[in-house]
Amino acid sequence: MNPDLVLVLDAAAFAADKHRRQRRKDAEATPYINHPLALATILAQEGGIADAQVIAAALLHDTVEDTETTPAELEARFGPDVAAMVAEVTDDKALPKAERKRLQIARAAHKSPGARLVKLADKIANLRDIAASPPADWDAARKADYVSWASEVVAGMRGTNAALEAAFDAAVAAFD
């Protein structure tokens with residue numbers, strides 16, 4: 001038995017269960033699990049990331065923020081390292097949206113290497129989704145605001161992974 005493979009598959013199954021009733025905000029209302037799966041794929045295929053804990057954290061990255069999952073639950077099931085990475089990329093939903101966005105920019109440079117990778121993949125996936133199938137109520141100005149904000153977040157993480165940064169830059173260029 002390969003423990004890394006078991007970890008990744010367990011994280012995928014856990015995330016799929018936790019997000020099972022959720023849909024993305026795009027016009028097609030795609031299943032939410034497609035988003036964490038996209039992050040894992042971006043990390044592995046485009047970023048060359050083979051660290052099972054980073055891939056597991058990518059799969060789990062929205063479970064605390066967007067479901068009833070607790071940090072303690074993640075730590076008990078996936079260990080302290082995976083839980084810590086997820087915690088680093090989890091916004092505090094009790095804060096106003098503007099403050100959450102400000103904190104993502106302010107904290108980006110101080111994240112652990114694994115959390116930076118997950119955050120980079122998240123921004124890439126989000127930009128690609130917005131370009132391909134944006135939420136119905138997003139006009140050009142809102143898309144531009146997201147691209148600008150995401151670019152500020154990623155600016156604090158430059159030097160983390162050249163391939164992922166190039167993928168982010170290509171995703172930004174799709175809006176030009």
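Reading from one end of the chain to the other, you meet helix after helix: the pattern is α-α-α-α-α-α-α-α-α-α. That makes ten helices and zero strands. Keep in mind that this is a predicted model.

**Overall build**

The C-alpha trace spans about 50 × 35 × 30 Å along its principal axes. The radius of gyration is 15 Å, which agrees with the value near 16 Å for a compact globule of 176 residues. Of those 176 residues, 44% count as buried. Long-range contacts show up clearly too: take the contacts with a separation of 6 or more, and 68% of them come from residues 24 or more positions apart.

**The core and its helices**

Which residues touch the most other members of the largest nonpolar core? They are Leu43, Leu60, Phe78 and Val82, out of 48 residues in that core. Plenty of helices chip in: α1 (3–18), α2 (34–46), α3 (52–60), α5 (71–78), α6 (80–88), α8, α9 and α10 (162–173) each supply at least two residues. Helix α8 gives the most, with nine residues.

So what does α8 look like? Helix α8 runs over residues 113–132, and its 20 residues reach 29 Å from the first C-alpha to the last, close to the expected 28 Å. It's mostly covered, with 15 of the 20 residues buried.

Back to Val82 for a moment. Leaving aside neighbours within four places in sequence, Val82 is in contact with Leu7, Gln53, Ala56, Ala57 and Leu60.

**Three buried residues**

Here are three residues worth finding in the viewer.

| Residue | Place | Relative accessibility |
|---|---|---|
| Alanine 11 | helix α1 | 0% |
| Histidine 19 | loop between α1 and α2 | 1% |
| Alanine 150 | helix α9 | 0% |

Alanine 11 counts as buried because its relative accessibility is 0%, under the 20% cut-off. Setting aside residues up to four places away in sequence, alanine 11 touches Ala56, Leu59, Leu60 and Phe78. Phenylalanine 78 sits 67 residues from alanine 11 along the chain, yet their C-alpha atoms are separated by 7.8 Å. Ala56 and Leu60 are also among the contacts of Val82.

Is histidine 19 buried or exposed? Histidine 19 is buried, since its relative accessibility is 1%. You'll find histidine 19 in the loop between α1 and α2. Beyond its neighbours within four places in sequence, histidine 19 is in contact with Tyr32, Ile33, Pro36, Asp62, Thr63, Asp66 and Thr67.

Alanine 150 belongs to helix α9 and is buried, at a relative accessible area of 0%. Not counting residues up to four places away in sequence, alanine 150 touches Lys123 and Phe168. Alanine 150 and isoleucine 105 are 45 residues apart in sequence, with 8.4 Å between their C-alpha atoms.

**Where α7 meets α9**

Isoleucine 105 leads on to a helix pair. Helix α7 (residues 97–107) and helix α9 (residues 140–155) pack at an angle of about 40°, and their axes are 8 Å apart. On the α7 side the contact is made by Lys97, Lys101, Gln104 and Ile105, and on the α9 side by Arg142, Trp149, Glu152 and Val153. Sorted by class, that comes to three nonpolar, one polar and four charged residues. If you look at the spacing within a helix, remember that an α-helix has 3.6 residues a turn, so residues three or four places apart point the same way.

How values were computed:
Residues are numbered from 1 along each chain as its sequence is written. This is a predicted model: local features need pLDDT of at least 70, side-chain atom pairs count only at pLDDT 80 or more; totals for chains, interfaces and linings use all residues. Side-chain values use heavy atoms; hydrogens and water are left out. Helices (H or I, at least four residues) and strands (E, at least two) are DSSP runs, numbered from the N terminus. The expected span of a helix is 1.5 Å times one less than its number of residues. Buried means under 20% relative accessible area, exposed over 50%, partly exposed in between (1.4 Å probe, protein chains only). Axes are lines fitted to C-alpha atoms, for helices over the stretch in contact, and angles run from 0 to 180 degrees between N-to-C directions. Contact means heavy atoms within 4.5 Å. Ala, Val, Leu, Ile, Met, Phe, Trp, Tyr, Cys and Pro count as nonpolar, Asp, Glu, Lys and Arg as charged, and the others, Gly among them, as polar. A nonpolar core is a set of buried Ala, Val, Leu, Ile, Met, Phe, Trp, Tyr and Cys residues joined through side-chain atoms within 4.5 Å. The radius of gyration is taken over C-alpha atoms; the globule rule is 2.2 Å times the number of residues to the power 0.38.
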